[in-house]
Amino acid sequence: MPFPVRLQMKRTKLKNLVYTALSAGLLCVLSPIALPFGVVPITLCTLLIYLYAYIHTPKVAVFSVIIYVACGFTGLPVFSSFTGGITQLLSPSGGFILGYIPFVIILTAGFKKTINSLLKFIIMLISTFVLYAVGAFWYLLWLKSGDINAVILMILPFIPGDIIKITVVSLIGTKIKSVVNK
């Protein structure tokens, strides 16, 4: 392999490592800031994950989220309201935290297949409902009951905020991606 090609590959790998570290770090810094609202507080985490899936490669976006969840699992106070540790993952909202991983995987897989903004919007909606499903399933296990009404009441307040987050990322994602990829 010619030297310039090898050098370009090393630069790309380094750039991806830096983006992964910075993205995970930003998640760790901004996600603890929460609006306490019911059992599951509202954070900037999903907004950042939408944005990472939109602007980064799938590997960078997915590993950023995995690093964030791992940091919280080890006890670093990176989850909502500056909490962390396995107790948070075992709490009623733990399913939403664990759900971030399939959430970002679905986002990046969908984004990889399209450049159409409307399709990306729809992919963000679908992945959000997958996140809700994982969180709701976990919550039902935690409740040890099949009270679906409790789950619906828990999820409903998040829908308007998530639609706003999706709209914001849809509007600014392409612009940010062009700046990041310069």
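How many helices and strands are there in the protein? There are eight helices and two strands, counting DSSP runs numbered from the N terminus, with helices being H or I over at least four residues and strands E over at least two. Keep in mind that this is a predicted model, where local features need pLDDT of at least 70, side-chain atom pairs count only at pLDDT 80 or more, and totals for chains, interfaces and linings use all residues. Residues are numbered from 1 along each chain as its sequence is written, and side-chain values use heavy atoms, leaving out hydrogens and water.

**Overall fold**
- Reading from the N terminus, the elements go α-β-β-α-α-α-α-α-α-α.
- The C-alpha trace spans about 60 × 35 × 25 Å along its principal axes.
- The protein has a radius of gyration of 17 Å, which agrees with the value near 16 Å for a compact globule of 182 residues; this radius is taken over C-alpha atoms, and the globule rule is 2.2 Å times the number of residues to the power 0.38.

**Packing and surface**
- Of the 182 residues, 41% are buried, meaning under 20% relative accessible area (exposed is over 50%, partly exposed in between; 1.4 Å probe, protein chains only).
- Take the contacts (heavy atoms within 4.5 Å) between residues at least 6 apart in sequence: 68% of them join residues at least 24 apart.
- The accessible surface is about 10,000 Å², and 77% of that belongs to carbon and sulfur atoms; areas come from the Shrake-Rupley method with a 1.4 Å probe, and for residues only the protein chains shown count as cover.

**Lysine 15**
- Lysine 15 sits in helix H1 (residues 3–30).
- With a relative accessible area of 36%, lysine 15 counts as partly exposed.
- Lysine 15 and isoleucine 66 are 51 residues apart in sequence, and their C-alpha atoms are 18 Å apart in space.
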